[in-house]
Amino acid sequence: MPDSKNFVTTESVIALISGLYIATGFAVVFSILFLLTSLDQAAKLARSKQVDIALNLETRYLKAILLEYSGWDEAYENLIVDLDETWIEGNSGQYLLNQHGFDFTLAIKANRQLANLSINDEVEGLEFARLMSGGLEDLIEESLQNQEGDEGSVAGYVLAGTDIYLVALSPFKDEKTEEIRPDSYLSLGRRLDAEYIGKLESSYELPGLRLANKIEGPMNSKVLLDASNQAIGCLTWFVEKPSLLIAPKVIGIVTPFFCLAIFLTRHFLKLDYADRIAFEERLYKEATCDPLTNISNRRQFMTLCQQEMAVHRRNGRTLAVALFDIDHFKTINDTYGHAMGDKALVHLVQVCSSELRESDIFGRIGGDEFAVILRETPIEEAVDVLNRVRRKIKACPIKTNQNTITITVSIGVAPMNDYINFDNILEMADVALYRAKKNGRNQVFVSV
């Protein structure tokens, strides 16, 4: 009997290859689905963090304005002691509502009684009692517990009637001693209405951001809690799902266009990465630059100075540190208003920037106080440069439609020596600045 031989039929080969193609197709499809699901989760997580960052920045801005006023003796006298309606209208109540978009400003006196409540015209039915019962009372208690921390300033969400407010509260402080004035508070609030939510949506690139009264699930939402940790509302937003853009195309043409699918995935990842980098750069600028003058803020200035100090010690280079502020700046604010005060600060920075070198480190370290490090500059040359700056500032008054305001600056300068640290030289420059003011202002005084 002839030996039998086993042959593989063509149908079997086709079936086997088809099976391999199908198995490979399923493996690729499931792998891509897994990848797209991961991208969706990453997008949701990134957007959630983006919302948290936006709310934190808004809270920090609210507290910054609040601390400026709560530490101002004139505000305390006119809001709590004298209750001067004219002053409140021009400097606190309506001024803050118009200039900063707040919906209410509130001053609270002894025994937690109402001293003054200024309300935006678009807000209806807002009362002091509603604010207190809606969570402001709890914020006051939290402030009392935290007065040794962040100067007693607190922030949170308050439910007044059907409206939710982002509220910051701080006790008044003595302007000279910085001691907290007992049982008196200043509070600022913004209503989370459609206009404000729309501003957040546009400013922080949060598409679909909405306020919902009903508490939603944990995905694409953030529950808003009052000071007693009670849920009072919910923010929801829309997250673009990469899978909705990529999956239909990839699944439909996975075998003949597999390489194209990889290219599209990389393309979208790069777009997402570029957006994140741009957002981080914007956050970095907000964290390191003074928003009014667009120069280094105090934190960034100190960081750069410490780096420059290390270079100075390593290379033995000379440098000088100068502190200066505007003479009688408070008088400008009191006479012409805070808007003119802000314009004076911007004008000063523009003049100084035109006279200083690009290599010099220039920053705003306080309200009207500025500092500069003159690199590789002996003290004699530093004095010449600073006198030139001082004269230029005086020679370039601020011109408005109604007023021409001449400003002057007092400057204290100290040379950097190998045997002192940066804190010491700042202290020396500060003492020199004090001497310059004491000797009549509008001059440069060298630390000895």
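Q: How many helices and strands are there in the protein chain?
A: The protein chain holds 12 helices and 15 strands. The model is a predicted one. Buried residues account for 45% of the 448 residues in the chain. The accessible surface comes to about 24500 Å², and 53% of that belongs to carbon and sulfur atoms.

Q: Among contacts between residues at least 6 apart in sequence, what percentage join residues at least 24 apart?
A: In the protein chain, 62% of such contacts join residues at least 24 apart.

Q: How should one read a sheet, and what is the order of the strands in the open sheet of 5 strands?
A: In general, the strands of a sheet pair through backbone hydrogen bonds, in either a parallel or an antiparallel manner. Here the order in the open sheet is S10-S11-S9-S14-S15, and the pairing is mixed. Strand S10 (361–364) and strand S15 (444–446) stand at the edges with a single partner strand each, so one side of each has no neighbour in the sheet. On average, neighbouring strands of this sheet are turned by 20° against each other, direction ignored.

Q: How many bridges join S9 to S11, and do these strands run parallel or antiparallel?
A: Strand S9 (residues 319–326) and strand S11 (residues 369–375) run antiparallel and are joined by 7 bridges. Within this pair, valine 321 has isoleucine 373 of S11 as its bridge partner.

Q: Which strands does helix H11 touch where it packs on the sheet?
A: Helix H11 (residues 379–395) touches S9, S11, strand S14 (409–415) and S15. The direction of H11 makes about 170° with that of S14.

Q: How many residues lie between the strands in the hairpin of S1 and S2?
A: There are 3 residues between the strands of this hairpin, and asparagine 111 takes a positive phi near 60°. Strand S1 (residues 104–109) runs antiparallel to strand S2 (residues 113–119), with 6 bridges joining them. Leucine 106 stands opposite leucine 117 in S2.

Q: How does one judge a salt bridge, and how many are counted?
A: The criterion is a side-chain nitrogen of Lys or Arg within 4 Å of a carboxyl oxygen of Asp or Glu. By this rule the count is 18 salt bridges. One of them pairs aspartate 73 with arginine 181, whose closest N and O atoms are 2.9 Å apart. This pair links distant parts of the chain, with aspartate 73 in helix H2 (residues 73–81) and arginine 181 in strand S5 (residues 180–191), 108 residues apart.

Q: Are the partners aspartate 73 and arginine 181 buried or exposed?
A: A residue counts as buried under 20% relative accessible area. Aspartate 73 has 18% and is therefore buried; arginine 181, at 17%, is buried as well.

Q: Where do aspartate 327 and lysine 437 lie?
A: These two residues form a salt bridge in which the closest N and O atoms are 3.2 Å apart. Aspartate 327 lies in the loop between S9 and helix H9 (329–336), and lysine 437 in helix H12 (residues 422–438), so the pair ties together parts 110 residues apart in sequence. Aspartate 327 is buried, at 5% relative accessible area, whereas lysine 437 counts as partly exposed at 21%.

Q: What is the N to O distance between arginine 357 and aspartate 360?
A: Their side chains meet in a salt bridge at 2.7 Å, N to O. Arginine 357 counts as partly exposed, with 39% relative accessibility, while aspartate 360 is buried at 9%.

Q: Which residues are joined into one network by salt bridges that share partners?
A: Asp73, Asp174 and Arg181 are joined in this way.

Q: Which residues are in contact with glutamate 58, leaving aside its neighbours within four places in sequence?
A: The contacts are Leu166, Arg190, Tyr196, Leu200 and Tyr204. Glutamate 58 is found in helix H1 and is buried, with a relative accessible area of 9%.

Q: Which residues form the nonpolar patch on the surface?
A: Ile22, Phe26, Phe30 and Leu33 form the patch, with about 420 Å² of accessible area together. Of these, phenylalanine 26 has its place in helix H1 (residues 10–70).

Q: How far apart are glutamine 350 and isoleucine 393 in sequence and in space?
A: They are 43 residues apart in sequence and 9.6 Å apart in space, C-alpha to C-alpha. Glutamine 350 is found in helix H10 (residues 338–355) and is exposed, with a relative accessible area of 53%.

Note on methods
Residues numbered from 1 in each chain as written. Predicted model: local features only at pLDDT ≥ 70, side-chain atom pairs only at ≥ 80, totals over all residues. Heavy atoms only, no water. Pairing = 2+ DSSP bridges. Helix = DSSP H or I, 4+ residues; strand = E, 2+ residues; numbered from the N terminus. Axes fitted to C-alpha atoms, helices over the stretch in contact; angles between N-to-C directions. Contact = heavy atoms within 4.5 Å. Patch = residues over 30% accessible without salt bridge, like charges linked within 9 Å, V, L, I, M, F, W, Y side chains within 5 Å. Areas by Shrake-Rupley, 256 points an atom, 1.4 Å probe, with all protein chains shown as cover. Buried < 20%, exposed > 50% of the residue type's maximum accessible area, 1.4 Å probe, protein only.
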